[in-house]
Amino acid sequence: MKKFFLGLLFVLLVIVGILLFNTFRMSSKQVEAEPLAKVDFSDQVYQNLSKAITYQTISLSEDAIPDSAAFFGFHRFLEETFPLTHANLSLEKINTYSLLYKWEGSDPSKKPLIMMSHQDVVPVDQPTLGAWEAAPFEGKITDTHIIGRGTMDDKGTLIAVLEAVEKLLSENYKPTRTLYIASGHDEEVGGGKGAAEIAAHLKAQGVQAAMAIDEGGYLAEGLVPGVNAPVAIINLAEKGFASFRLIVETNGGHSSAPPRENTIGMLAQAIVDLENNQLPYKLVKPIDSQLEYMGPELPFFTRMAFANPWLFKKQILEGLNAHTTTAPTIIDGGVKNNVIPTVAEATINFRILPGETIESVKAHIESVISEKVRVEPVGFLTNPSPVSSADSESYQRLQRTIRGLYPDVIVVPGLVGGGTDARYFYEIAEDVYRFYPMRLNSESMSRFHGIDEKISKENYQEILQFSYQLIRNF
Ligand SMILES: [Zn+2]
């Protein structure tokens, strides 16, 4: 017996030893960067962003025709507001509304940089109008903020990049590397006619960029438990997106004599089966890089968990939502309270983890639910994007730019659950990243596509500085 306990103690000690060894071996991956001087942007930049907001470049649905007056008005506004940019850069309009600017670099051997954004915005939910601090398309400027649809998503980015270029031109700056500014017009409905076409156009010209950068990563404040410093999340990949309709068809009947298998009950069972049989959590790329970069910055016990995913995988991966998610979003069935319907349908939305596909998700659904339920893909579908590198030279440059501007910020790579136009650019850029230094906390997060979308003047200045320095650093 004594031998047994000694043996157990030995095993425990070995485990603790491994845990501690891995924890202390984990060293910070943050780079030292030359501090970057602040550049002066006048208050006019707030007026410009405010004006940009007043053009109602709304995307309603994939099939809806864009409001040409709003887009053309917006394009005219850009020409008037950024004269140097329009005189020195070439501009092509792709599919009438998407914009592709090109600032030719002096050294053709250097691969281009592509800075992305989108011009369209989501509509405002009419019943929530009254809850806004100012009308969503008024472009109100307060002492501290610019309010309106598009300030965060995503006109703020486009206007900031153009301000940076205009400023660099006014300083007679000449880039060695070619810069493209690509701004789609339908990101909010999938980007199929905008960003996808821009990418196809660049591909046809044989463009291979060093890096494309887009929205979809940010400066997270107070969102990582135990970390006080802001965390700059550079998203290297995005999850896929697929919805499937579950359809149950029966002969229906009179509700006084319900059959054993009722249409609605069968559908409900299928939904419950899916929710009870979630797709597994997996430690895939780029989650592994996220652990490596985030781990060393965490308080001791969380760091120990991140340093030892072999033991704490489940908790970590659940915290990061590292699996294909299952979300029932629409349900429909029945016409009258005494009639058993002949049809009932539900739509389930999945956000697909890298490594899985639309096909593998469909196979999973069919293996989990009754074969009496039909499964059909519905609406926009896309596989997960490829995963860019967290070790490339572009990543290092990007990281140095961020650390040069904000030395206290922790830079980590990640995976974004939502979709962006960036997914179309993997074929024409070596690395595709999602990051602009918009500061987000749990409160401002809900303003995306929500009520009171707004950006602080201070934070907008940071996005301007970042855009300016990023172009220079490349
Ligand atoms: Zn967006």
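**A walk from the central strands to the zinc site**

Three bridges join β3 to β6, and the two strands run parallel. Strands here are DSSP runs of E with at least two residues, helices are runs of H or I with at least four residues, and both are numbered from the N terminus. Two strands count as paired if DSSP finds at least two bridges between them. What you are looking at is a predicted model, in which local features need pLDDT of at least 70 and side-chain atom pairs count only at pLDDT 80 or more, while totals for chains, interfaces and linings use all residues. Residues are numbered from 1 along each chain as its sequence is written, and side-chain values use heavy atoms, with hydrogens and water left out.

Let us stay with β3 for a moment. In the pairing with β6, L113 stands opposite M211. Strand β3 also meets β5 (residues 179-184), again in parallel, through six bridges, and here S117 stands opposite S183. Six of the six residues of β3 (residues 113-118) are buried, so the strand is largely enclosed by the rest of the structure. Buried means under 20% relative accessible area, exposed means over 50%, and partly exposed lies in between, using a 1.4 Å probe and protein chains only. Both faces of β3 are covered: L113, M115 and S117 are buried on one side, and I114, M116 and H118 on the other.

From β5 you can carry on to β2, since these two strands pair in the antiparallel sense over five bridges; W103 has L179 in β5 as its bridge partner. Strand β2 (residues 98-103) is mostly covered, with five of its six residues buried. Another antiparallel pairing, also over five bridges, links β2 to β1 (residues 90-94), and there E92 is partnered with L100. Strands β1 and β2 form a hairpin with three residues between them, and N95 in the turn has a positive phi of about 55°.

Now return to H118 and follow it to the metal. The zinc ion is coordinated by H118 (NE2), D153 (OD), and E215 through two OE entries, at 1.9 to 2.5 Å. Donors are N, O and S atoms within 2.8 Å of the metal (3.2 Å for Na, K and Ca), and because water is not among the atoms, sites may look incomplete. The angles among the four donor atoms range from 54 to 148°, and the site is irregular. For comparison, four donors count as tetrahedral if all angles lie between 85 and 135 degrees; four count as square planar and six as octahedral if opposite donors are over 155 degrees apart and all others between 65 and 115; anything else is irregular.

Along the chain the donors follow the spacing H-x34-D-x61-E. D153 sits in the loop between β4 (145-147) and α5 (155-170), and E215 in the loop between β6 (209-214) and β7 (219-220), so this pair, 62 residues apart, links distant parts of the chain. D153 is buried at 5% relative accessible area, and E215 counts as buried at 10%.

Some helices deserve a visit too. Helix α12 holds S394, which is buried with a relative accessible area of 8%. S394 touches A210, M211, Y433 and F474, not counting residues up to four places away in sequence; contact means heavy atoms within 4.5 Å. The C-alpha atoms of S394 and A210 are 6.9 Å apart, although 184 residues separate them along the chain.

Helix α8 (residues 287-294) has six of its eight residues buried, so it is largely enclosed by the rest of the structure. Those buried residues are I287, S289, Q290, L291, Y293 and M294, and they pack against β8 (231-238), α9 (300-307), α10 (309-319), α12 (393-405) and β15 (410-416).

Finally, step back to the whole chain, with its 14 helices and 18 strands. Its radius of gyration is 25 Å, which agrees with the value near 23 Å for a compact globule of 474 residues; this radius is taken over C-alpha atoms, and the globule rule is 2.2 Å times the number of residues to the power 0.38. The C-alpha trace spans about 80 × 75 × 45 Å along its principal axes, and buried residues make up 53% of the 474 residues. Among contacts between residues at least 6 apart in sequence, 83% join residues at least 24 apart.
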